[in-house]
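I opened this notebook to record what I looked up in the structure, one topic at a time. The entries follow the order in which I went through it.

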Amino acid sequence: MKALAFLVAFGAAIAFTATANSYYVYIMATLALTAIAGVGLNVLLGLTGQVSFGHVGFYALGAYTVAVLTVSAKWSFWAALPVAALIAGAVGALLALPAMRVRGPYLAMVTIAFGFVVENLAVEWRSVTGGQNGIMGVPQPALLGLPFGERGVAIAAIVLAAAATYGFHLLSRSRWGAAMRAVKDSEVAAESIGLDPLRIKTAAFAISAVCAGVAGALFAPLSGFVTPSSFTFSQSLLFVLVVIIGGAGSLAGPLVGAAIVVLLPEALAALAEYRLLFFGALLLAVLWLAPDGVTGLVTRLTARRREPRIVAAGEVQLAPARRATLEVEHLGIAFGGVRAASDVSLRAEAGKVTSLIGPNGAGKTTVLNMLSGFYRPDAGSIRVGDRELQGSAAWRIARAGVARTYQTTQLFGSMTVGENLAIAGGGPEFLSFVHYTGDIDARAADLPHVDKRLVEIARALATRPAVLLLDEPAAGLSREDKERLARLLRRIADSGVAVVLVEHDMGVVMGISDTVVVLDAGVIIAAGAPADVQRDPAVRKAYLGEQTARAIAPRAAAEPGAPYLQVGRLAAGYGAEPVLKGVELQVRERELVAVLGANGAGKSTLMRAIAGLLRPVQGGIGFDGVDITRLPAHKVVALGLVLVPEGRQVFPELSVLHNLELGAFARKDVIARDIETMLERFPRLRERLHQRAGLLSGGEQQMLAIARGLMGRPKMLLLDEPSLGLAPAVINDLFAALDRLRAESATILLVDQMAGLALALADRAYVIEGGRIVASGAAREIAADGSLEKAYLAVN
Amino acid sequence: MIGSALVSGLGLGSMYGLLALGFYVTYAVSRTVNFAQGSSMMLGAVFAYTFAVRLGWPFALAAAMSLLLCALYGLVVELLAVRPFASRGSNAWLMATVALGIIADNSVLFTFGKEPRGLALPSASASLEIAGLHVSMLQLAIPAVGIALAGALHVFSRKVRLGKAMLAVVQNADAARLMGINVPLAITAAYALSTLFAGAAGIMIAPLFNVHSDMGTLFGLKAFAVAILGGITSAWGVMLAGLLFGVVESLITALLGSAYTQILTFTLVIVALALMPNGLFGRAELKKV
């Protein structure tokens, strides 16, 4: 149906050109060659998502090649044309070497520079190009001895445009086209299924260069002369315009875009001078209102309801994987002087589930990133079977049989579920295996959260890996879905894959793992069978911090005041599935309230929502009588509610003093005395007053963050994981500081992994699990209750 | 010859640096830039010409008014071409700012006319003898003003409240919000500042290059190269890169003739980016998955 429409359109164009007068012939020719350049750029911009503002360079190369060959060397046009295409393509591949290694504005700069170099070479290389005067008298091509004329060139251009469009159609449906779209959607995910983004981007760049070169080659005999003034920067912009206005990535897009760009100025002949102005406005309008261009608009308006194709349910057996053991030895990496992982060794055997657990900031994702090739370790080795993989590029590691899923699912959003699978080399049987029972033609970006996870796992399995790395796959899932996921992971292991799982949900981990490895502050502190690890005192200390809790004196009861902070039915979170599902809590004046729970339960999301960094989707937050539910962060601060955020978040390039001063940004009064108070409270900061905050140790930065928060003289303080990543001795000092604060009757809401410590400080506590409050009461009661241990370590 | 090339190179270079500072300010605060910075520069010159020559205002007043209008233009750019896309996480601001630049250039073309106009500064023709070279007051003033503005930006970001706030946003936008800093306002202010700088550059360079609607394009693109090469992470780095670029360009022109200036400078840009994809002074941002 669509093919017929295109055939008719091109046929009509040829018929029209064969009979129209020379003015229209020229228009049709220009339209056709603009379309050819557009098709090429569509491959680069539309399919692969790379920008170029310098394609006039290839256009010029094509034009000058033909001009020089036909005028000076007296070649036939038909021989010169492929040479022009070849030269443009070769230069394109060469330019791709630097160009495709950079992105965004940097890529734009490289392509712009290229365009200017070509334009200026055309002016300066007078011996070849004729300088400013250019080359005159480019002959019209002849075919079989008969003069072809302008009409002939126009018809040839239309035929070539049809060929280019057909070529685009074939490419778009081929594996290469799918690979290009994959690179556009997510280079990371593309690498993880074994695609080399550099090679793909280079191919796209070369193809677009060839098309622009062919367009230029046709331009030369059409216009009869070739001068540098035809090859300015604005011509590159026009090519980009053609693609965007027509509709990036669509088949008809360049044709529609070329028609608009070429015909509109002619149609509005009186206003032809204003065409650039008009195009600028049109581009802006398209970007605002119809980012998919004209064809995108038409598609949206004429979209018919598609019948969903549901994946057949049923038990599917996975063919046995290529079995291999993952051996990791003494792996280590440092970032900016901080050792994120050190001497990490582990062994994941085929057919077994090996879990990697540890507190937040322990380095689990860092280890996974090294295993999958995302980071290059600076020490140690990674072996799968007998192949050494450390330091290899991610796509090579993927091809060696290591597949991976990500904390935030990296699906190819613009492609369907089926296409996501197909490009990884698999079909619907993998979807059946993971029990995805949805529509195979659904757009991946539109899927609900749990389905995205399943499809990502299915796609990873489709690459027939020996090792499957999973990064917190259970995050954000309901209890029921987590249990199904756990069973799925066990089935995957049973088929022979070595499963490596990073996960916080202890129920999932302890239920299916053969080996559990515990990471803390970048080092392994325990490894073995689940039952042994659960009983290990070092592990309990790392998670619950009970040893140091005895240092805190029991609290002398101070009368709590009126409710300061009220949170009701709060639902908030990122993406489709809210992490918080309905939270109720209250903090009264002079109280210290703790919120505890496993990672991923929603503690930080809760703090960010209260502080105004995250807008809740439901429910309400009230502070000191004011409804702050929809208030942005900087206004919440002004009301006296200050968050000391997770991870310290100091301003690394500013001095300690400047950080403190910024803490008082919202205040209008004099702050010198308060700074003095802070320095007395945290004496180590005085020693470092003029040092850059980024150079301070973790503990010092945490003190600074708290001091900075206090500078605002808040009515209430929110503390998000202050002990994160701190050594146990430093944690002692930290909680001593917090102890002093509560003695001064500060009002505090505290979230921390060190449950034992937090409970020793707090008056009351809430326990969050799965986005809801599952327990609340006096701190002593919660401490005595077994529900905490259950939430954290899944001990029964 | 080398001497005068150095002098004019410093002048040109500080203009590139000034434009590049505009790129730095917005990129640092919002990870976006006004890709058509050259148009802002052109507007500065055109406004100054309109007020000083067409309307006969005293030059200081004309310059001040022109700078005000340039700052307003920055607000327009942020509101129309950046905010609608950056807030959605889309990269379309790159082309939207280009589109706005095309509109600005062509609007000026049709109101101002195609003929380049001269903007004569009263003191521009006076000259000094320095180390045996004839240096015009303007050629002295340009780098002086450029470096002074860079210095002022430096002081502003360290001593003035709004400046410190903007610097904080650079380093940690979320933490800045938690200090009570209005980040969207900071971004808008950054854009106004960047077009202000560009306008200032345009006003100063107008007497040397004549005023016409196209004057900014090449300048702006070279300034973008400067910003990128300077790593877009530090004000002084960018200014230094600008001065270097200007001097290298002038030297190439003096030694090899102007024919090869554009070719060599742009080729050097490509080579530099090939070797250092994060710019000369930049650091690779840590990838997070």
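**Entry 1: between the chains.** I began with the area buried between chain A and chain B, which in this predicted model comes to about 5600 Å², with carbon and sulfur atoms giving 75% of it. I then looked up which residues contribute to the share of chain A, and found that A:Tyr106, A:Met109 and A:Phe665 supply 13% of the area that chain A buries against chain B, more than any other three residues. Counting contacts, I noted 62 residues of chain A in contact with 58 residues of chain B.

**Entry 2: the second largest pocket.** I turned next to the second largest pocket, which holds about 1100 Å³ of space. I counted 37 residues in its lining, and wrote down B:Asp214, B:Met215, B:Gly216, B:Thr217 and B:Leu218 as those that lie nearest the centre of the pocket. Which elements supply at least two residues each to this lining? From chain A I listed α5 (104-124), α11 (233-246) and α13 (275-289), and from chain B α1 (2-30), α2 (37-54), α4 (93-112) and α9 (215-229). Of the elements, α9(B) gives the most to the lining, with 8 residues. Sorting the lining residues by character, I recorded 19 nonpolar, 13 polar and 5 charged.

**Entry 3: the largest cavity.** I then looked for enclosed space and found 7 cavities of 30 Å³ or more in the structure, with about 90 Å³ of space in the largest cavity. The elements that give two or more residues to the lining of the largest cavity are α9 (187-192), α16 (394-399) and β8 (402-405), which belong to chain A. Among the residues that line this cavity I noted A:Val188, A:Glu191, A:Ser372, A:Phe374, A:Arg404 and A:Tyr406. The lining residues divide into 8 nonpolar, 2 polar and 2 charged.

**Entry 4: one lining residue.** I chose A:Arg404 for a closer look, a residue that lines the largest cavity and has its place in strand β8 of chain A. Is A:Arg404 buried or exposed? I entered A:Arg404 as buried, because its relative accessibility is 3% and the cut-off for buried is under 20%. The side chain of A:Arg404 is joined to that of A:Ser372 by a polar contact of 3.0 Å, and to the side chain of A:Asp471 by a polar contact of 3.4 Å. Leaving out residues up to four places away in sequence, I found that A:Arg404 also touches others, including A:Thr365, A:Leu368, A:Asn369, A:Ala460, A:Leu468 and A:Leu469.

Key. Residues are numbered from 1 along each chain as its sequence is written. Chains are lettered from A and ligands numbered from 1 in the order in which they are written. This is a predicted model: local features need pLDDT of at least 70, side-chain atom pairs count only at pLDDT 80 or more; totals for chains, interfaces and linings use all residues. Side-chain values use heavy atoms; hydrogens and water are left out. On a 1 Å grid over the protein atoms alone, a cavity is a set of points where a 1.4 Å probe fits but cannot get out, and a pocket is an open set with protein on both sides within 12 Å along at least five of seven lines; lining residues have an atom within 4 Å of a point. Grid points are joined across faces, edges and corners, and a volume is the space filled by probe spheres set on the points. Helices (H or I, at least four residues) and strands (E, at least two) are DSSP runs, numbered from the N terminus. Ala, Val, Leu, Ile, Met, Phe, Trp, Tyr, Cys and Pro count as nonpolar, Asp, Glu, Lys and Arg as charged, and the others, Gly among them, as polar. Buried means under 20% relative accessible area, exposed over 50%, partly exposed in between (1.4 Å probe, protein chains only). A polar contact is a pair of N or O atoms within 3.5 Å; within protein, one must be able to donate a hydrogen and the other to accept it, and residues adjacent in sequence count only if both atoms are side-chain atoms. Contact means heavy atoms within 4.5 Å. Buried area is the accessible area (1.4 Å probe) that two parts lose on being put together, summed over both.
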